[in-house]
Amino acid sequence: KLSGALGLQVRNKELEAVGAEAFIPPSSTSNVGVFLFEELEKGDLLLQFGARYENVDNKTEVNLPDRSFDTLSGSFGLVWKLRQDWSLASSLARSVKAPNSEELYSNGPHFATQAFEVGNPDLDEETSVGFDVALRKKSGRLTGEFSVFVNDFRDYIFQAFSGEIEDGLPVAIASQQDAEFRGVELDLRIGLYEEGTRHLDLRLIGDYVRAQLASGEALPRIPPRRLGLGLHYGDGRLHGMAEVRFVDDQTRLASNETPTGGYELLNASIGYRFFLGEQVVDVLLRAHNLTDQEARNHASFLKDQVPMPGRDISLKLRVTF
């Protein structure tokens, strides 16, 4: 059985920054993309194929070159049903990304990132070849997914801090080098108790990525190891959750990057659903960072100036009719 989709995407973006914060000259970007995705099911195997062609035109009104790119990406995936509730999935993909107008033409203070951003109009396309494998279980007391992945980039585009200061802001230059990403992801749910509609589950989530240039130097703004452990309860109308999120220190740093301390976040929520005639009413009380920990996101340009939100408690009412 073969099924799939064929599509066309057209997009045009006009970008103009005005005033003192005009970090990029007026520019326009037009994208035209054609994509194809197909699935073929043969017994216990599901084969997936995908391809995308895209033309990207970047133009600017200042004395900088217009750039046009033609990109071709493709992927092949395989899902193997090992047993009724187990499956093994893998995919191999080649993807090509054209640089955007900000990466090509920026040259000024960008106060949203608190950086003096400098583009590079000579950037080439970024090409990656990626492979991933995932083991999945969909039913039973233990459910979830464990996956590993590797991505090899040619001409990876990133913003690198030069160590210089311009207009009181650190200079971030659009750079391009070969790079490699390797990582693992985990999402497991273990049933601890079940009777009728009532159930209590233990959930374990985590991820880790190691990203570096071909020279062995670390890439900037790469998240550290993360792990989450939580209890989830439900009995049809009533549901609740309590979890702890552990985030490690990030001390594997790129040039001119500062370390970020680890933290633990305690989150909880409780909700109830009831009915008023034909209307469905959901009430949810949610608490984030109950211990009011100071936490900073290493992937953020602003992590040294702006911490993540502190203790946050909210009450939500939703009516569906």
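Reader: Which elements each supply at least two residues of the lining of the largest cavity, and which one gives the most?
Author: This is a predicted model, and in it the lining of the largest cavity draws at least two residues from each of β11, β12 and β13. Four residues come from one of these strands. The strand that gives the most is β12.

Reader: Which residues line that largest cavity, and how do they divide by class?
Author: Happy to list them: R203, L204, I205, G228, L229, G230, H232, E243 and R245 make up the lining. Glycine counts as polar here, which is worth keeping in mind when you sort the names. The division is three nonpolar, three polar and three charged.

Reader: What is the volume of the largest cavity, and how many cavities of 30 Å³ or more are there?
Author: The largest cavity has a volume of about 40 Å³. With the limit set at 30 Å³ or more, the count is one cavity.

Reader: Let's turn to the pockets. How much space lies in the largest pocket, and which residues are closest to its centre?
Author: The largest pocket holds about 370 Å³ of space. Its lining is made of 27 residues. Those closest to the centre are D207, R226, R245, V247 and Y263.

Reader: Which elements give two or more residues to the lining of the largest pocket?
Author: A good thing to trace on the structure above. Residues 169–195 form β10 and residues 198–213 form β11, and both of these elements contribute two or more residues. So do β12 (226–234) and β13 (238–247), along with β14. The full set is β10, β11, β12, β13 and β14.

Reader: How do the residues of that lining divide into nonpolar, polar and charged?
Author: Asp and Arg count as charged, while Val and Tyr count as nonpolar. Over the whole lining of the largest pocket, the residues divide into ten nonpolar, nine polar and eight charged.

Reader: D207 and R226 caught my eye. What joins their side chains, and at what N to O distance?
Author: In general, side chains of opposite charge can pair when their charged atoms come close. The cut-off for a salt bridge is a nitrogen to oxygen distance within 4 Å. D207 and R226 meet in a salt bridge, with an N to O distance of 3.1 Å.

Reader: Why does the D207 and R226 pair tie together separate parts of the chain, and how far apart are they in sequence?
Author: D207 belongs to strand β11 and R226 to strand β12, so the pair ties these two parts together. D207 is partly exposed at 26% relative accessibility, and R226 is partly exposed at 39%. The separation in sequence is 19 residues.

Reader: How many salt bridges does the structure hold, and which residues are linked in a network?
Author: The total for the structure is 17 salt bridges. A network of salt bridges links R273, D282 and R318.

Reader: Which distant parts of the chain does the salt bridge between K13 and E102 link?
Author: The side chains of K13 and E102 meet at 3.6 Å, N to O. The two residues are 89 residues apart. K13 is partly exposed, with a relative accessible area of 23%, and E102 is partly exposed as well, at 26%. The parts linked are strand β1 (residues 2–15) and helix α1 (residues 101–105).

Reader: Are E195 and R198, which form a salt bridge, buried or partly exposed?
Author: Their closest N and O atoms are 3.7 Å apart. Buried means under 20% relative accessible area, and exposed means over 50%. E195 has 44% and R198 has 34%, so E195 is partly exposed and R198 is partly exposed.

Reader: Which strand supplies the largest share of the nonpolar surface patch?
Author: The patch covers about 980 Å² and is made by ten named residues you can pick out: L266, I270, V283, L285, L290, I313, L315, L317, V319 and F321. At least two residues come from each of β14 (263–276), β15 (279–288) and β16 (312–320). The largest share, four residues, comes from β16.

Reader: Why can L266 belong to the nonpolar patch?
Author: L266 is placed in strand β14. Patch residues need over 30% relative accessible area. L266 passes this cut-off because its relative accessible area is 31%.

Conventions:
Residues numbered from 1 in each chain as written. Predicted model: local features only at pLDDT ≥ 70, side-chain atom pairs only at ≥ 80, totals over all residues. Heavy atoms only, no water. Patch = residues over 30% accessible without salt bridge, like charges linked within 9 Å, V, L, I, M, F, W, Y side chains within 5 Å. Areas by Shrake-Rupley, 256 points an atom, 1.4 Å probe, with all protein chains shown as cover. Buried < 20%, exposed > 50% of the residue type's maximum accessible area, 1.4 Å probe, protein only. 1 Å grid on protein atoms, 1.4 Å probe; cavity = no way out; pocket = protein on both sides within 12 Å on 5 of 7 lines; lining within 4 Å. Points joined across faces, edges and corners; volume = space filled by probe spheres on them.
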